[in-house]
Amino acid sequence: MTHSILVLNGPNLNMLGTREPSIYGNETLAEMEKILQALSKEHGLGVTFFQSNHEGAIIDKIQQSKNVARGIIANLGGFTHTSIAIRDAFLSSGLPVLEVHVSNVAKREHFRQKNYLSDIAVGSISGFGIFGYQLAYLAFLKLLPTPPP
Ligand SMILES: O=C1C[C@@](O)(C(=O)O)C[C@@H](O)[C@@H]1O
């Protein structure tokens with residue numbers, strides 16, 4: 001869908017709801033998608049979803065989103081801390097990116113403090129569970145000009 005926000009989730013985020021609930025909570029990706037779809041209906045800014053456990057598939061999706069999506073809400077999971085290639089794909093797309101993390105990454109292990117996305121993102125939301133995706137969507141409503149250019 002053109003002129004939409006792409007919600008892009010990386011590895012292991014398909015396991016939300018059952019994955020380490022003490023860290024990531026009990027809510028699922030499907031529940032998050034339902035909430036954002038309702039927001040999209042209310043506000044008229046389209047939303048599409050993509051999740052992959054594969055770095056190349058994520059890069060392909062970002063490349064395909066150039067001149068199609070209006071912005072990306074991205075939770076890259078573990079790739080946040082490792083992937084220069086995904087960072088490069090975002091830069092090449094020219095799309096505004098809002099970073100989301102379900103857990104508060106700043107409070108966690110040292111190896112999670114390396115982040116290849118945050119300095120090229122418009123902003124980052126971390127530690128609010130799946131509510132973070134909602135916050136990012138609302139931020140895009142503020143940031144993007146209406147109607148689309
Ligand atoms: O997979 C994830 C999930 C995460 O991105 C989050 O949403 O809190 C944080 C990452 O460090 C981790 O590898």
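In this chain, residues 24 or more positions apart account for 77% of the contacts with a separation of 6 or more. Two residues count as in contact if their C-beta atoms, placed from the backbone, lie within 7 Å. The model is predicted: local features need pLDDT of at least 70, side-chain atom pairs count only at pLDDT 80 or more, and totals for chains, interfaces and linings use all residues. Numbering starts from 1 along each chain as its sequence is written.

Now the overall build. The chain has 5 helices and 5 strands. These are DSSP runs numbered from the N terminus: helices are H or I with at least four residues, strands are E with at least two. Along the sequence, the pattern reads β-α-α-β-α-β-α-β-β-α. The C-alpha atoms fill a box of roughly 40 × 30 × 25 Å, taken along the principal axes. Buried residues make up 33% of the 149 residues. Buried means that 20 or more other C-beta atoms lie within 10 Å of a residue's own; exposed means 12 or fewer, and partly exposed is in between, with C-beta atoms placed from the backbone.

Take one helix, α3, at residues 55-65. Its buried residues are Ile58, Ile62 and Ser65. They cover an arc of only 65° around the axis, so they sit on the same side of α3. The arc is that of the directions from the helix axis to the C-beta atoms. An α-helix has 3.6 residues a turn, so residues three or four places apart point the same way.

What do the buried residues of α3 pack against? They pack against β1 (4-9), β3 (69-75) and α4 (84-93). The face turned away from the buried side carries the exposed residues Gly56 and Gln63. Just after α3, Asn67 takes a positive phi of about 65°.
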